[in-house]
Every structure is written in structure tokens, then in C-alpha cells.
Amino acid sequence: MMHFPGFVSRAILCSRIHQRIPSALSSFSTSSDSMASRSAVGFIGLGNMGNHMAKNLLKSGYPVVVNDVYPEATSEIQDLGGEVAETPADVAEKVDRIVTMLPSSPNVLEVYTGSHGILG
């Protein structure tokens, strides 16, 4: 009988992650709760994908706190009721969950570990 320790350990890890997904998503209610009762979601990077994703969160009733390297990219989200933060660190101070939609590794490093990064 052949053993595949790497495969088995990855399968066990995936199984454990799969078991945790429902509880991790439980705070994202799908009921018709008011915006005030939902946890705000941070969103950093409002390009082609990020802008639409942040707008969908707003349309679904989630308060959104956004940041983008180009301040003009945040205006549409602000017009729809989203809050604009000046830096990624400001986003991190205001929310428990952050979605980043960034174009490249240097951008990711800057947003996470830069002088005003979310891990700051």
C-alpha cells in the first residue's frame, strides 16, 4: 500500500478549513437586517473588480469602509453611502474584516506592511 503523507496532510487541512467556513461566515447574515446591525466591511482597492464588489456589499446592506491609492476612485462608493478612509491603517481601525483587491505584489506589500498598512 502506498502512502502519500503530503497529500493526506493537505486533505486533512482542507477538511478542517471546510469545517470552519460555516462558522466564519455566520456573521455575514443573509436576512433583511438593517445596515446598523451588520458589521462593517473594509475594502482596499477599488479598481475594475473592487469597485463592483464594494458596491454589491453596500447594495446588500453592509456598511463599507474603503480606501484606494487614487482618491477619486472612492467617490462613487461614498455617494452610495460608504465611508472613505484616508489610509489602509484607518480602514483596519474601523472594521474587523477587510477585503483587498490589489493589482500586484508590491501593492499588496505596501497595503499590508507599509508605513500606513493594515498590519501597522
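**Sheet, helix and core: a chat**

Mentor: From the N terminus on, the elements run α-β-α-β-α-β-α-β-α. Keep in mind that this is a predicted model. Altogether the chain has five helices and four strands.

Trainee: What makes strand 1 and strand 2 a pair?

Mentor: Two strands pair if DSSP finds at least two bridges between them. Strand 1 (residues 41-44) and strand 2 (residues 64-67) have four bridges, in the parallel sense, so they pass that cut-off. As one example, I44 has N67 in strand 2 as its bridge partner.

Trainee: And where does helix 2 sit?

Mentor: Helix 2 (residues 50-59) packs on the sheet and touches strand 1 and strand 2. The direction of helix 2 makes about 165° with that of strand 1.

Trainee: What is the strand order in the sheet?

Mentor: The open sheet of four strands has the order 3-2-1-4, with parallel pairing.

Trainee: Why do strand 3 and strand 4 count as edges?

Mentor: Strand 3 (83-84) and strand 4 (97-100) each have a single partner strand, so one side of each is left without a neighbour in the sheet.

Trainee: Now F43, in strand 1. Why is F43 called buried?

Mentor: Buried means under 20% relative accessible area. F43 has 1%, so the label fits.

Trainee: Which residues does F43 touch, beyond those up to four places away in sequence?

Mentor: Among them are G50, M53, A54 and L57, as well as V64, V66, V91 and V99. A touch here requires heavy atoms within 4.5 Å.

Trainee: What makes V41, F43, L46 and the others a nonpolar core?

Mentor: The core needs buried residues of certain kinds, Val, Phe and Leu among them, joined through side-chain atoms within 4.5 Å. The largest such core has eleven residues, including V41, F43, L46, A54, L57, V64 and I77. Strand 1, helix 2 and strand 2 are the elements that give two or more residues to this core, and helix 2 gives the most, with three.

Trainee: What is V64 in contact with, leaving aside neighbours within four places in sequence?

Mentor: V64 is in contact with V41, F43, A54, L57, L58, G82 and E83. Apart from the largest core lies another one, of eight residues, among them I44, V91, V95 and I118.

Trainee: How much of the chain is buried overall?

Mentor: Buried residues make up 29% of the 120 residues. The chain exposes about 8,200 Å², with carbon and sulfur atoms supplying 58% of it.

Notes. Residues are numbered from 1 along each chain as its sequence is written. This is a predicted model: local features need pLDDT of at least 70, side-chain atom pairs count only at pLDDT 80 or more; totals for chains, interfaces and linings use all residues. Side-chain values use heavy atoms; hydrogens and water are left out. Buried means under 20% relative accessible area, exposed over 50%, partly exposed in between (1.4 Å probe, protein chains only). Accessible areas come from the Shrake-Rupley method with a 1.4 Å probe; for residues, only the protein chains shown count as cover. Axes are lines fitted to C-alpha atoms, for helices over the stretch in contact, and angles run from 0 to 180 degrees between N-to-C directions.
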